[in-house]
Amino acid sequence: MILHSLDTLYDRLRNDPAYRVAPSGYSLQKVSFKVVLTPTGTLLAIQDAREPSRGTLRPKQILVPGHAKSTGSGLNPCLLWDNSGYMLGYKADDKAPQRTRQSFSAFREKHVALEAEIGASAFSALCRFLESWDPASAPEHPVLADAARTGFGVFQIQGEARYVHDDPSVSAWWDAQREAESGGGEMGHCLVSGEERLLARLHPKIKGVAGAQSAGAAIVSFNDDAYESYGKRQSYNAPVSKDVSVRYVTALNALLDGPMRRKHRFTLGDTTVAFWTEQPTWTEDIFLPFVSEGSALLDDPASQDEGVRQKLASFLQALREGREAYGAIENAPDQTPFFLLGLAPNAARIAIRFFHRGTLAELLDNLRRHHCDIRVAPQPAAGKRAADPEFPPVWLLLRQAARDSKEIPPILSGPLLRAIFTGSRYPDALYAAVIRRIGADATVNYARACVITGILNRNLKKGVSMSLDLARTDPAYRLGRLFAALEKTQKDALGESLNKTIRDSFYSAASATPGSVFPRLLRTYQHHLAKLEGGHRVNREKLIQEILAPLGAFSAHLDLSGQGLFAIGYYHQTRDFYTKREDTDAG
């Protein structure tokens, strides 16, 4: 299913110039320098081919024949492009000079041997250069010390705009060579196309997966007898034709590492997520920024054209109102299929974390359900602290499960995304992790309240409101409100700048074993209440009595569900204390 979806995507991207998808037999490589030669093969200059981007120089993506070599492939020079070690026999800070010299010799011998067969004047000029080039003179060209570290190189003839590998004679030879080579190898039924085709022994490398090898890694790969069966070795265990292997890898690389990657790729923890649709649609222009940045996308006028921005505004308004998300955007639900693929590094391979297929109508409606389920009144901006996002992005929700972003459990990102996009249960492990974090640092912030509210609403059907619910009588919710009121009384009596409040000292115990903590806190509360003045003291006492009224004895223990309600009660009451009122005193 995954390879078939990517193989189909290749045809769509191939017809869209924005993606610059390479045809079969070619690849887009990051080129950072070019060797410019005279028509007779004399070196004219070695120039920096990088382009300025966001204040720095970045390699330029150029279409070249063939693909990048896998590690451990021996001496295997590319045709008319490669790294500086192969092309010039030189590497900055070279730790294996003998290997570099052998690489250059292999590169020179390969091209000189093909000169007569290719028969192009530009190619002959290159051969004359390789025969006369002395690698010892490479340090005289300072561009190699910087540019050659970050990408490959190509050749160009003086006065020509094209590169040597783009010469018509070279391209014709390369295509004919590939056609001839397709007659050899093992034939079999391709699992993707179902046709009898030449099978790929090794699949091309996939780039752009965070944490994977920079040279690329594979999804389909077998390198040990333990993984092989029925006498099939290497990738013949999963028979895919050479043509399809190039197509699916090219399409995936266009999403992960191509010029349009910001539109199709984002990361959650250690998982790199690719998103695409079967047909071009406006949703691709807003989906990933929306997931990763929330409504902040509207604040960047340069990020989208006006039509897309208006659709995004309508989409967000639909989420605010809790109605179907597509109603304000299209006349009818969009049944265009969308795909979501989660990838994670695994040594020299790539692990599939999750794969989901659905329709855009389902996606938009499930996003609406997600934001309705997790919706909590945000805390107002205060001092240097910015206002909370109205639509918290996925990464922010995951971030609440760990002390540091690097410690986010890798098993959470896939289930959370699946819950959001399919409307299924949120992962219970996320809820437990957030409750543990609150117990450890006694902090109930907006994002944590969103996670807890979502799981209480969707998984446990608790019907939690987005703000303070005075009519709710659940003991756990009331105890959370009570704890917030006791803390606020302490602050009002002793000052907001206390180094340590009852929250810092007692939150974890109060939320888990309220019966052993609240009697002590109520005794301390009486001393704090006595320091308040006039109507403020009366209003606070009324509030405490109102909270305590439905409660009998304090519960000895609260389970995880109760601890979540305690946290929400605490958050709602605390936020209510700091919400400005025009007609009433702060209680």
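**Close-up 1. W81 is a buried residue with a relative accessible area of 1%.** The model shown is predicted. Across the whole structure, a search finds 16 aromatic pairs. One of them joins W81 and F152: the ring centres lie 5.0 Å apart and the planes meet at 85 degrees, so this pair is edge-to-face. W81 belongs to strand β6 (residues 81-82). F152 belongs to strand β7 (residues 152-157). The pair therefore ties together parts that are 71 residues apart in sequence.

**Close-up 2. Six named aromatic residues form one cluster.** The phenylalanines in this view are F483, F518, F554 and F566. The tyrosines are Y507 and Y570. Together they make up one aromatic cluster.

**Close-up 3. The charged end of R472 sits over the ring of Y477.** The distance from that charged end to the ring centre is 5.8 Å.

**Close-up 4. K488 lies over the face of F577.** Here K488 is placed at 5.8 Å from the ring centre of F577.

**Close-up 5. Cysteines C78 and C372, in a structure with zero disulfides.** A disulfide is a covalent bond between the sulfur atoms of two cysteines. A search of the whole structure finds zero such bonds. C78 has 7% relative accessibility, so C78 counts as buried. C372 has 32% relative accessibility, so C372 counts as partly exposed. The cut-offs explain both labels: buried means under 20%, exposed means over 50%, and partly exposed falls in between.

Terms used
Residues numbered from 1 in each chain as written. Predicted model: local features only at pLDDT ≥ 70, side-chain atom pairs only at ≥ 80, totals over all residues. Heavy atoms only, no water. Phe/Tyr/Trp six-rings, centres within 6.5 Å; stacked < 30°, edge-to-face > 60°. Helix = DSSP H or I, 4+ residues; strand = E, 2+ residues; numbered from the N terminus. Buried < 20%, exposed > 50% of the residue type's maximum accessible area, 1.4 Å probe, protein only. Lys NZ or Arg CZ within 6 Å of the ring centre and 35° of its normal. Disulfide = S-S within 2.5 Å.
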